[in-house]
Each structure stands twice: as structure tokens, then as C-alpha cells.
Amino acid sequence: MAERRALVVGGGIAGLAAAFELTGGPFDHVELREASDRLGGKIATSPFAGLDHVDEAADAFLRRVPPAMQLAAEVGVDDLTAPTDATALVWNEGLHPIPGGVVLGLPAAIRPFATSPLLSWRGKLRAAAEPLLPARPHGDSLGTLVRQRFGDEVHERLVDALVGSIYAADTDHWSLATVPQLAQVAAQHRSLLVGARRSRRRAPAAGGPIFAAPATGMATLVAATADGVIARGGLISTGRPVERLEHDGSGWRADGERFDEIVLASPAAAAGALVRPVAPDAADALDAVETADVIMVRLHVADLPDRLSGHSGYLVPKPEQRLVTAASFASQKWAAWQPPAGGQVLRVSLGRDGLPVLHLDDDAVVAATLDETARHLGLDLQPTEISITRWPGAFPQYRPGHVERLAALRAALPPGLALAGASHDGIGIPACVASGRAAARQAIERVGR
Ligand SMILES: Cc1cc2nc3c(=O)[nH]c(=O)nc-3n(C[C@H](O)[C@H](O)[C@H](O)COP(=O)(O)OP(=O)(O)OC[C@H]3O[C@@H](n4cnc5c(N)ncnc54)[C@H](O)[C@@H]3O)c2cc1C
């Protein structure tokens with residue numbers, strides 16, 4: 001019998017999770033090829049401010065959805081830690097706490113909103129009318145729904161600020177269906193406030209922290225998964241882009257080598273370029289996935305003043321944004337991130353969908369970071385160390401209709417090719433892990449038949 005061979009294209013966390021799953025299957029040969037000279041894709045950790053491990057992008061994953069926690073346990077990541085209980089602020093002509101009783105930015109209780117300085121009286125009255133409003137068609141736009149129900153202020157200062165900062169999104173152009181917790185509340189309740197309150201009551205009693213991360217940074221999950229793949233007999237190469245796919249009977253050739261099953265775990269545009277000669281409709285759909293670029297600036301600064309202690313950072317609502325969209329007081333968020341020489345680490349994010357930043361040179365990035373944080377914090381930060389990481393195509397943008405387009409895309413892919421990664425089934429690390437493993441299981445099932 002011919003050797004059964006599987007290939008994973010892309011060594012981000014989705015591709016690594018796919019390769020890990022494949023090595024537990026019936027293949028004689030499992031190989032992962034990564035185009036760049038390092039594994040991890042959008043996950044990177046490096047020394048900063050005298051610390052060995054400070055993340056340049058993702059710094060945590062959701063603990064309460066299993067896939068990333070499960071992978072971490074399987075590959076032996078045993079230094080998981082949780083953020084402190086520092087809380088986030090929102091900037092609106094000053095820094096304000098996020099009102100209590102919020103479910104994904106939606107008000108689930110009236111009292112904390114009535115007393116919050118984050119909203120004007122007009123905004124509060126508009127939001128308070130929500131339970132009385134009739135249902136109206138809102139299509140698949142998250143922003144349209146929230147503006148209709150609660151008005152512009154709740155949308156811009158809370159929902160867009162929170163959800164938009166997670167995905168670098170402009171939530172007016174974001175698919176509601178891809179935020180299942182909100183979509184579910186909207187599908188089941190005319191009033192989102194009532195629905196949010198019920199879903200909060202139904203949620204299991206707080207079972208520990210919401211987020212987790214290896215104390216040695218997110219790259220530890222990448223390295224441990226790669227080690228797991230190799231220990232189970234898989235092959236991993238970096239600096240090895242896959243450049244050409246061709247049909248070969250019932251299987252495939254990648255750059256001339258035969259494979260039965262291929263998992264495409266690269267960003268959509270790269271997958272589109274590969275499949276164009278064999279599946280042009282799928283290639284068109286892959287090319288149509290838009291992305292937002294972001295820049296992450298790490299700063300080593302003196303200790304923040306007492307008025308900012310107990311806070312993990314702040315979000316800047318869309319109407320107030322120039323280039324900075326959020327800042328994390330990273331040393332207040334993570335107990336392990338205390339620079340040995342004193343002071344604190346801040347991580348400042350620039351750019352989102354509709355707010356381009358990649359044209360800025362380093363001087364312009366630093367100037368914008370310092371000017372805008374000075375305005376937000378009332379402080380001249382005077383950093384002693386700065387690092388800038390540019391993330392082109394950082395966040396895929398799930399436009400309204402994403403779920404239907406994805407189903408059509410999968411239907412247009414020839415057998416033996418499976419998709420995984422942030423461009424498709426969810427952007428967070430747990431979703432990327434789950435999509436990698438699901439694509440691998442699909443390949444295992446096909447080869448078993
Ligand atoms: C700044 C930032 C902060 C984030 N913060 C968080 C967070 O706190 N928590 C969280 O859960 N998520 C966070 N995310 C999102 C999450 O990190 C990403 O969505 C996820 O890591 C993407 O993984 P992936 O494997 O799908 O894709 P990628 O990481 O993009 O990996 C794809 C890989 O494919 C490779 N490739 C491309 N073309 C080819 C080819 N032809 N041949 C071979 N290889 C190829 C690329 O070089 C790349 O390494 C953040 C993302 C960013 C950018």
C-alpha cells in the first residue's frame with residue numbers, strides 16, 4: 001500500500017494544532033511547512049525591558065472554552081497563569097470604568113449605566129428605552145443591531161470599543177453571526193437588555209479566571225505544540241513556503257511532492273494564491289476575505305501614578321480614535337511582567353479596520369503613541385525602551401454574510417483540501433486551535449475511508 005501522506009501549509013497555531021492532530025492519525029508521513037523563518041505566525045514573544053518573555057501580539061487565550069486549554073495540557077504547557085483582577089477603562093474625555101453588568105458590552109442591568117460617567121444623560125435615556133422598542137430587521141451587522149436597540153453611545157463607547165478592540169474591527173461592518181453569544185441573545189429576545197440579563201444569570205457561576213497564558217509567554221504554546229508534533233513523528237520545516245498545488249489522481253502534489261491530504265492553515269490570501277489553478281471559485285472567495293493591519297508598540301516607562309493602579313489598560317472608542325485604539329498596562333495586568341530595573345511595561349495598539357497604519361514609519365508611530373497616550377493619560381510617558389511590531393493582515397474581518405460565504409467556499413474546495421485558521425472559523429487562539437484540529441480530523445476521516 002502506498003505511503004499515506006499529509007501536509008499542513010502554515011506554522012501558526014492553527015497549522016501546528018492541525019499537525020499535532022494529524023500525527024495521532026493513520027498517516028505514515030505528516031509534514032508542516034512554514035514560509036517564514038519562525039513558527040507561530042501572529043504569536044510572538046521576545047525579551048523586553050529586561051524581561052525574557054513579553055508578547056508582541058496575543059498575550060492570553062480564553063480559558064473557559066476548551067480547545068486552547070486542552071492543547072496546552074496535551075503538549076505539556078505547565079506554567080499557565082492568569083491575569084490579575086485589574087479592570088479595563090474606556091476613554092471619553094477622560095478615563096472611565098466600564099459600567100458593571102455588561103455582557104459583551106451590552107447593558108444587562110440599568111442601575112450601573114444610570115450612574116456611569118461614560119455615557120451622557122441623552123445616551124442613558126436612549127439606552128433605557130431599549131426594552132420598550134419594537135423588533136426591527138437588522139440584517140447581519142453587529143453595529144446596526146446595537147445602534148438600533150441601545151443608540152449610538154452604547155454602541156460606540158461600549159460594544160464597538162470592546163468587541164472592536166478584540167478583532168481590530170469596525171463593528172458596523174462585522175457579522176453578528178460570528179459573535180455567537182450576541183447572535184444568540186438577539187435571536188431569542190426582542191429586548192437585548194432582558195436577553196443579556198438572562199444569559200448572565202444562566203452563565204455558570206464564575207469558575208475562576210476567564211483568560212490564561214503561559215507565564216513564559218504565548219510562544220511557549222507554539223514551541224510546545226511543535227515539540228509535540230516532532231515527538232509524534234511529524235516533520236516541521238521553516239523558511240519553506242508551499243508555492244504550487246496540483247492535482248495528482250485522487251491526491252495532490254505540493255511543489256512536486258505527492259500528498260493525500262492537505263490542510264491549508266495560511267491566511268486566506270495565501271491559500272487563495274495556492275488553490276487558484278485548481279479551484280478558481282474557492283480562490284475568489286479566499287481573496288475576498290479582507291483584513292485589518294495593526295501595530296503593537298511596547299514601552300518601558302516609569303511606574304504609573306496611583307490613580308491608574310488597579311487598572312489593566314483602556315480602550316478608545318471609534319469616534320475618539322486617531323491612531324491608538326487601546327493600551328494595556330501590561331505590568332498591572334500580568335504579575336510576571338515586572339521589569340527587574342523597576343517601572344512598568346505598556347503595550348499600545350494602533351490601527352484597525354478603516355484606520356490604516358502600515359504607511360507610518362517608526363518615528364511617526366512613536367510620535368503618535370506618545371502624543372495620544374499623553375492626551376489619554378495626562379502623562380508624558382518618556383519611555384526608556386520602545387519596540388514596534390507591525391502586523392500586516394493581523395485580523396481577518398468577518399463582514400456580514402461571512403458564515404454563508406464560508407459554507408460556499410468550503411463547498412467549492414476539491415476533496416483532499418481542508419481550511420483552517422483565523423480567516424475562517426474564529427480569530428481567537430482557541431478557535432484557531434479548534435479549526436486546525438477539525439481540519440485534521442476531516443483529513444483523517446477521508447484517508448480512513
Ligand atoms: C496584535 C494581535 C493581538 C492578538 N491578541 C490575541 C489575544 O490576546 N488572544 C487571542 O486569543 N487571540 C489574539 N490574537 C489573534 C490570534 O493570535 C490569531 O488570530 C492567531 O494566532 C492566528 O493563527 P493562524 O494559525 O490562523 O494564522 P497565522 O498566525 O497567521 O499563521 C499562518 C502562517 O502561515 C504561513 N504561511 C503563509 N503562506 C504560506 C505558504 N504559502 N506556505 C507556508 N506557510 C505559509 C505564515 O507565514 C504564518 O506563519 C491577536 C492577534 C494579533 C495580530
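User: Why are H10 and H11 called roughly antiparallel to each other?

Analyst: Happy to walk through that, and please keep in mind that this is a predicted model. Helix H10 (residues 268–275) packs with helix H11 (residues 280–287) at an angle of about 160 degrees. Angles over 145 degrees count as roughly antiparallel, therefore H10 and H11 get that description. Their axes lie 8 Å apart, and the crossing in which H10 passes H11 is left-handed.

User: How do you know which residues of H10 and H11 meet?

Analyst: Residues are in contact if their C-beta atoms, placed from the backbone, lie within 7 Å. In H10 these are Ala 268, Ala 269, Ala 271, Gly 272 and Val 275, and in H11 they are Ala 282, Ala 283, Leu 286 and Asp 287. By kind, this contact has 7 nonpolar, 1 polar and 1 charged.

User: What makes a residue one of the 35 around the ligand, and which come nearest?

Analyst: The C-beta atom, placed from the backbone, has to lie within 6 Å of the ligand. Gly 10, Gly 12, Gly 41, Ala 58 and Gly 421 come nearest. Helix H1 gives the most to this shell, with 3 residues. The shell holds 22 nonpolar, 9 polar and 4 charged residues.

User: Why is the protein chain, with its 15 helices and 22 strands, called as compact as a globular protein of that length?

Analyst: For 449 residues the globule rule gives 22 Å, and the radius of gyration of the protein chain is 23 Å, close to that value, so the description fits. The C-alpha atoms fill a box of roughly 75 × 60 × 45 Å along the principal axes.

Definitions and conventions: Residues are numbered from 1 along each chain as its sequence is written. This is a predicted model: local features need pLDDT of at least 70, side-chain atom pairs count only at pLDDT 80 or more; totals for chains, interfaces and linings use all residues. Axes are lines fitted to C-alpha atoms, for helices over the stretch in contact, and angles run from 0 to 180 degrees between N-to-C directions. Helices (H or I, at least four residues) and strands (E, at least two) are DSSP runs, numbered from the N terminus. Angles under 35 degrees count as roughly parallel, over 145 as roughly antiparallel, 65 to 115 as roughly perpendicular and the rest as oblique. A crossing is left-handed if the near helix is turned anticlockwise from the far one by less than a right angle, and right-handed if clockwise. Two residues are in contact if their C-beta atoms, placed from the backbone, lie within 7 Å. Ala, Val, Leu, Ile, Met, Phe, Trp, Tyr, Cys and Pro count as nonpolar, Asp, Glu, Lys and Arg as charged, and the others, Gly among them, as polar. The radius of gyration is taken over C-alpha atoms; the globule rule is 2.2 Å times the number of residues to the power 0.38.
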